[in-house]
Amino acid sequence: MAKQIQSPLPGTFYRKPAPEEPNFIEDGASIAVGDTIGLVEVMKTFHEVKAETAGDNARFQAENEAPVMAGAVLVEMD
Amino acid sequence: MDLTGKSLFIANRGEIAVRINRAAKALGLSVIQGHSEADADMLAVRMADRAVELGPPAANKSYLDVARVVAAAKEAGADAVHPGYGFLAENASFAAAVEAAGMIFVGPTADTISRMGDKVAAREAAIAAEVPTSPGSDGRIEGVDEGLKVAAAIGYPLMIKAAAGGGGRGIRVAENDDDLRRLIPQAQSEAAAAFGDGGLYIERMVRDARHIEVQVLGDGSRAVHLFERECSLQRRRQKVWEEAPAACLSDAARTRVCDASVRMAEAVNYRGAGTLEFLYEPERDEFYFMEMNTRIQVEHPVTEMITGIDLVQEMIRIAFGEPLRLAQDDVSMSGHSIEVRVNAEDPSNNFMPFPGLVGAMAMPANARFDTMLYEGYAIPPFYDSLLGKLIVHGANREAAMNALATALDEIRIEGLKTTLPLFRALVRDADIRADKATTSYLETWLESHAIDAA
């Protein structure tokens with residue numbers, strides 16, 4: 001089964017640090033432990049989502065600015 | 001005024017949407033509540049006569065989308081639109097779009113909103129109305145020599161500000177002449193690089209100040225004040241605790257700031273409910289105008305508690321064309337009121353937001369709780385964390401503090417982390433009981449006090 005990174009909080013998921021900046025992690029890239037893969041905005045505060053497991057060939061399941069629930073799968077990887 | 005048969009669209013959410021629903025119903029209005037997809041279950045939707053979905057959860061695609069909100073209100077056949085606070089409440093193009101669509105905007109004109117939204121224009125309007133502003137240069141300074149002259153007149157410490165700056169950017173603090181000689185050229189070249197404009201001005205720095213604000217109501221020609229509020233307890237520039245009146249003011253100081261506020265409101269032909277914010281320096285007994293907020297404010301209930309006037313109803317009446325019903329002599333105050341903001345945040349864990357499912361609730365017996373909560377409500381994570389406002393009234397400040405302590409002991413909201421434990425600690429704090437807190441007090445206090453989760 002593919003490895004997953006889930007949202008630790010409910011809120012709005014962002015793939016980039018600011019609207020005009022590139023994504024933290026592009027689809028297809030590798031992810032190392034401790035990498036920031038996105039932000040979750042909850043009640044107007046931003047929380048970084050960090051990878052707790054490493055993987056390759058990242059496939060994002062949540063779009064930029066998507067509303068997410070706690071436990072929602074943000075990215076799958078091999 | 002009979003508003004039966006007329007309808008009001010509420011372009012907001014949370015506790016203020018509940019508050020506006022109540023005021024509108026009391027006036028006989030039919031209520032149309034706008035809401036995002038994430039807010040279909042909110043209390044204001046349940047109270048309203050009709051509800052209209054505005055769009056996805058993200059505020060910029062629902063509550064902040066001017067075209068969408070105006071179209072929804074128009075389509076629903078609304079006679080008027082109430083913007084609440086936050087979101088589009090101080091957006092001049094929204095006010096203009098509502099009126100262009102043939103509806104009433106519950107607030108001042110678009111022109112007043114944009115004039116007061118521009119800090120320089122607002123300061124100029126204040127000076128023209130002889131409202132005290134903080135001492136400083138007359139407009140821009142040309143160089144070090146002029147800076148030294150201004151400094152000799154107003155004293156140190158002072159702030160060197162970039163004319164084109166704002167929001168805390170481009171500010172330097174000078175403690176003496178040497179600082180000023182060194183910092184003015186530096187500030188000039190930096191402002192030129194950052195803003196394309198090296199213009200500077202100087203203001204005296206106000207330390208250990210109180211945040212005092214005056215509530216006004218106007219009908220476009222005449223205005224009255226409803227006394228002042230004291231809101232010095234703030235965290236990250238957000239008020240958490242508000243009182244009315246400001247117990248630190250003498251009657252003479254109160255009269256001075258309230259009269260100045262009425263002058264300003266009348267000078268700008270203010271319509272609706274508005275607030276002038278000041279810093280007050282107790283040592284000098286001086287007020288300095290900061291800004292005017294052209295909306296109903298979160299902390300309006302403490303004013304209602306001491307005056308007995310329903311501010312939201314009054315602003316709606318004025319919006320529908322009724323002249324101001326109150327003469328200044330009709331407004332009197334009685335006792336003391338305190339409000340605390342109950343947020344879905346964990347004060348024992350750096351105020352981490354805590355959206356969750358509301359469990360059992362117990363309400364205090366002798367307090368007002370303006371809230372969006374009901375048992376079983378799932379708080380959406382997409383908006384700010386204000387859940388409600390706990391408001392008490394007493395014969396004097398000490399009685400109000402005691403009433404607050406009792407209300408805080410009685411109120412129970414299960415299932416959530418809230419800021420209630422913070423207030424249970426603050427209400428017993430000796431400095432706060434003695435009314436000693438200035439605007440920096442709470443941040444300093446939090447550095448040395450741990451809050452037990454409860």
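In this predicted model, strand β9 of chain B shows its side chains to two sides: Arg210(B), Ile212(B), Val214(B), Val216(B) and Gly218(B) point one way, while His211(B), Glu213(B), Gln215(B), Leu217(B) and Asp219(B) point the other way, and all are buried. The strand is thus described as mostly covered, with 10 of its 10 residues buried. Strand β9(B), which spans residues 210-219, has a partner on each side. With β12(B), β9(B) pairs in the antiparallel sense over 10 bridges, and here Val214(B) of β9(B) finds its bridge partner in Leu276(B) of β12(B). With β10(B), the pairing is again antiparallel and rests on six bridges; Glu213(B) is matched there with Arg229(B) in β10(B). Strands β9(B) and β10(B) form a hairpin with three residues between them, in which Gly220(B) adopts a positive phi near 100 degrees.

These strands belong to a wider arrangement. Eight strands of chain B make up an open sheet, in the order β13-β12-β9-β10-β11-β14-β19-β18, and the pairing is antiparallel. The edges are taken by β13 (286-293) and β18 (368-371) of chain B; each has a single partner strand, so one side of each is left without a neighbour in the sheet. On average, neighbouring strands of the sheet are turned by 25 degrees against each other, direction ignored.

Following the sheet from β10(B), the next pairing joins β10 (residues 223-235) to β11 (residues 238-244) of chain B, antiparallel and with four bridges. Arg235(B) has Gln238(B) of β11(B) as its bridge partner. Towards the β13(B) edge, β12(B) and β13(B) run antiparallel and are joined by seven bridges, with Thr275(B) partnered by Asn293(B) in β13(B). This pair of strands is a hairpin as well, with four residues between them, and Asp285(B) in the turn has a positive phi of about 55 degrees.

Two helices of chain B can be placed against these strands. Helix α11 (residues 311-319) of chain B lies across β9 and β12 of chain B and runs at about 130 degrees to β12(B). Helix α11(B) also packs with α1 (residues 14-26) of chain B, at an angle of about 60 degrees and with the axes 9 Å apart. Because angles from 65 to 115 degrees are counted as roughly perpendicular and those under 35 as roughly parallel, α1(B) and α11(B) are classed as oblique to each other. The crossing of α1(B) and α11(B) is right-handed. On the α1(B) side, Arg19(B), Ile20(B), Ala23(B), Ala24(B) and Ala26(B) take part, and they meet Val312(B), Gln313(B) and Ile316(B) of α11(B). By class, this contact comprises six nonpolar, one polar and one charged residues.

Helix α10 (residues 300-307) of chain B is mostly covered, eight of its eight residues being buried. The buried set consists of His300(B), Pro301(B), Val302(B), Thr303(B), Glu304(B), Met305(B), Ile306(B) and Thr307(B). Just after this helix, Gly308(B) takes a positive phi of about 75 degrees.

Several loops of chain B deserve a look at their backbone geometry. Most residues other than glycine have a negative phi, and most peptide bonds are trans. Against that background, Phe87(B) has a positive phi of about 40 degrees although it is not a glycine. Phe87(B) sits in the loop between β4 (80-82) and α4 (92-100) of chain B, and with 20 C-beta neighbours inside 10 Å it counts as buried. Glu130(B), likewise a residue other than glycine, has a positive phi near 55 degrees. The place of Glu130(B) is the loop between α6 (119-128) and α7 of chain B, where 11 C-beta neighbours inside 10 Å make it exposed.

Cis peptide bonds are found as well. The bond from Tyr156(B) to Pro157(B) is cis, with omega near -5 degrees, and Pro157(B) lies in the loop between α7 (144-154) and β6 (158-166) of chain B. The bond from Ala244(B) to Pro245(B) is cis too, with omega near -5 degrees; Pro245(B) belongs to the loop between β11 and α9 of chain B.

Finally, chain B meets chain A: 10 residues of chain B are in contact with nine residues of chain A. On the chain B side, the touching residues divide into eight nonpolar, one polar and one charged.

Technical notes: Residues are numbered from 1 along each chain as its sequence is written. Chains are lettered from A and ligands numbered from 1 in the order in which they are written. This is a predicted model: local features need pLDDT of at least 70, side-chain atom pairs count only at pLDDT 80 or more; totals for chains, interfaces and linings use all residues. Two strands pair if DSSP finds at least two bridges between them. Axes are lines fitted to C-alpha atoms, for helices over the stretch in contact, and angles run from 0 to 180 degrees between N-to-C directions. Two residues are in contact if their C-beta atoms, placed from the backbone, lie within 7 Å. A residue is buried if 20 or more other C-beta atoms lie within 10 Å of its own, exposed if 12 or fewer, and partly exposed in between; C-beta atoms are placed from the backbone. Angles under 35 degrees count as roughly parallel, over 145 as roughly antiparallel, 65 to 115 as roughly perpendicular and the rest as oblique. A crossing is left-handed if the near helix is turned anticlockwise from the far one by less than a right angle, and right-handed if clockwise. Ala, Val, Leu, Ile, Met, Phe, Trp, Tyr, Cys and Pro count as nonpolar, Asp, Glu, Lys and Arg as charged, and the others, Gly among them, as polar.
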